[in-house]
Amino acid sequence: MSELTPEQTEELKKRRRRRSIALAVVLGALAILFYAVTIVKIGPAILQRPL
């Protein structure tokens, strides 16, 4: 296996960071979507529950 040059190493780090950020955004959006779907399914009853 050949050694990576410093430029290649930096490029791999940048790609890995972009991929991690994209994955975090997708997971966050999915969590928000699940939350919104849950609220919509429960409907107005969520505001009329006893405390």
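Reader: Which exposure class does E11 fall in?

Author: The model is predicted: local features need pLDDT of at least 70, side-chain atom pairs count only at pLDDT 80 or more, and totals for chains, interfaces and linings use all residues. Numbering runs from 1 along each chain as its sequence is written, and side-chain values use heavy atoms, with hydrogens and water left out. The classes are set by relative accessible area with a 1.4 Å probe and protein chains only: buried is under 20%, exposed is over 50%, and partly exposed is in between. Because the relative accessibility of E11 is 32%, E11 is partly exposed.

Reader: Which residues are linked with E11 in a network of salt bridges?

Author: A salt bridge here needs a side-chain nitrogen of Lys or Arg within 4 Å of a carboxyl oxygen of Asp or Glu. E11 meets R15 at 3.5 Å, N to O, and the closest N and O atoms of E11 and R18 are 3.9 Å apart. The residues joined to E11 in the network are therefore R15 and R18.

Reader: How far apart along helix α1 are E11 and R15, in helical turns?

Author: Helices are DSSP runs of H or I with at least four residues, strands are runs of E with at least two, and both are numbered from the N terminus. R15 is partly exposed, at 45% relative accessible area. Because E11 and R15 are four residues apart in helix α1, their separation is about one helical turn.

Reader: Which residue forms a salt bridge with E10?

Author: Side chains of opposite charge can pair when their charged atoms come close. E10 is partly exposed at 41% relative accessibility, and its partner lies three residues away in helix α1, so about one helical turn separates the two. The partner has a relative accessible area of 46% and is also partly exposed. With an N to O distance of 4.0 Å, that partner is K13.

Reader: How far apart are the mean positions of the positive and negative charges?

Author: Lys and Arg count as positive, Asp and Glu as negative, while His and the chain ends are not counted. Each charge is placed at NZ of Lys, CZ of Arg, CG of Asp or CD of Glu. For the 9 positive and 4 negative charges of the protein chain, the distance between mean positions is 19 Å.

Reader: What radius of gyration does the protein chain have?

Author: The chain has one helix and zero strands, and its C-alpha trace spans about 65 × 20 × 15 Å along the principal axes. Buried residues are 2% of the 51. The globule rule, 2.2 Å times the number of residues to the power 0.38, is compared with a radius taken over C-alpha atoms. A compact globule of 51 residues would come near 10 Å, whereas this chain has 21 Å.

Reader: What is the C-alpha to C-alpha distance between A24 and Q48?

Author: A24 is placed in helix α1. At 48% relative accessibility, A24 is partly exposed. In sequence A24 and Q48 are 24 residues apart, and in space the distance is 34 Å.
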